[in-house]
Amino acid sequence: MIYFIVTTSLFKDCPIRKSQYINGITTLKRICQNLALEDYTIIVVENNGVRKTFLDDFNLPVHYTMNNFLPFNNKGVKELQDVFDTIKQYRIQDSDFIVKMTGRYILKDDSEFMKALAGRPLDYDAIIKFGFHMNPATNYNLNDCNTGLIGMKCSYVKKIERPTTEPVEWKWAKCAKLIDMRRIFEPATLGIAICPASNTYINI
């Protein structure tokens with residue numbers, strides 16, 4: 001089973017962020033359907049407490065946590081805890097494949113990541129783009145990766161160390177080194193538009 005865990009955080013009334021989430025999640029649903037993916041579930045996780053939000057209108061499972069209130073300045077700690085909590089809540093098995101996607105990001109129809117995911121059988125333990133998003137590179141030994149769209153078998157995701165002050169991307173990349181590199185697919189491009197720490201999108 002493939003589980004898409006889509007991370008969101010509605011920490012303030014922001015029309016731009018709402019529009020971004022609607023676009024990102026709607027596009028993900030459409031592309032999954034167009035690729036005729038089998039045995040997959042999209043789960044949205046939001047970390048500001050249980051309440052009614054527009055996320056409930058997508059007809060998808062929504063898992064509300066309180067992780068945005070954790071006493072850490074590092075947002076990566078909170079996001080990773082959201083992933084861990086979703087795995088536990090939905091009893092995702094070690095053999096299942098986790099795709100973590102930032103909800104504000106927008107998939108492209110020709111996403112190489114998604115095409116690799118649609119292959120049958122899914123012959124990888126991870127689909128990952130190593131390197132900093134502004135300077136991506138193909139090198140298994142790099143200590144950085146893009147977590148806006150990343151896939152990894154659940155058994156490995158559960159081994160990711162919680163960051164303290166360092167970026168969460170470093171922890172995902174470190175965990176990937178536990179995997180035989182022959183079981184890792186690194187696409188030339190992810191095929192997603194990202195807007196880290198801004199509302200300006202770039203394609204990677």
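Is Asn48 buried or exposed? Let me begin there: Asn48 is buried, with a relative accessible area of 13%, where buried means under 20% relative accessible area, exposed means over 50% and partly exposed lies in between, using a 1.4 Å probe and protein chains only.

Before going on, please keep in mind that this is a predicted model, in which local features need pLDDT of at least 70 and side-chain atom pairs count only at pLDDT 80 or more, while totals for chains, interfaces and linings use all residues. Residues are numbered from 1 along each chain as its sequence is written, and side-chain values use heavy atoms, with hydrogens and water left out.

Back to Asn48, which sits in the loop between E2 and E3; helices here are DSSP runs of H or I of at least four residues, strands are runs of E of at least two, and both are numbered from the N terminus. If we set aside residues up to four places away in sequence, Asn48 touches Ser9, Leu10, Phe11, Thr65, Met66, Asn68 and Phe69, a contact being heavy atoms within 4.5 Å. Thr86 is 38 residues from Asn48 along the chain, and their C-alpha atoms are separated by 14 Å.

Val77, in helix H2, is also buried, at a relative accessible area of 5%. Leaving aside its neighbours within four places in sequence, Val77 is in contact with Phe72, Pro163 and Thr164, and its C-alpha lies 8.8 Å from that of Pro167, although the two are 90 residues apart in sequence.

Next, the interior. The largest nonpolar core, meaning a set of buried Ala, Val, Leu, Ile, Met, Phe, Trp, Tyr and Cys residues joined through side-chain atoms within 4.5 Å, has 35 residues, of which Phe4, Leu28, Leu55, Met114, Leu117 and Ile192 touch the most other members. Helix H1 (15-34) and strand E1 (2-8) are among the elements that give two or more residues to this core, and the largest share, 5 residues, comes from H1. Apart from it lies another core, of 27 residues, including Cys145 and Tyr156.

Now the cysteines. A disulfide is counted as a pair of cysteine sulfur atoms within 2.5 Å, and by this rule the count comes to 0. Cys32 has its closest cysteine sulfur in Cys154, 18 Å away and too far for a bond, and for Cys195 the closest is in Cys14, at 11 Å, again too far. Both residues are buried, Cys32 with a relative accessible area of 0% and Cys195 likewise at 0%.

One open sheet deserves a word: its 3 strands have the order E5-E11-E12, with antiparallel pairing, where two strands pair if DSSP finds at least two bridges between them. Strands E5 (106-107) and E12 (202-203) stand at the edges with a single partner strand each, so one side of each is left without a neighbour in the sheet. Strand E11 (residues 192-194) is joined to E12 by 2 bridges, and Ala193 has Asn203 as its bridge partner in E12.

Last, the largest pocket: an open set of points on a 1 Å grid over the protein atoms alone, with protein on both sides within 12 Å along at least five of seven lines, and lining residues having an atom within 4 Å of a point. Of the 40 residues that line it, Lys75, Glu79, Arg104, Tyr105 and Ala197 are the closest to its centre, and H2 supplies the largest share of the lining, 5 residues.

Definitions and conventions:
On a 1 Å grid over the protein atoms alone, a cavity is a set of points where a 1.4 Å probe fits but cannot get out, and a pocket is an open set with protein on both sides within 12 Å along at least five of seven lines; lining residues have an atom within 4 Å of a point.
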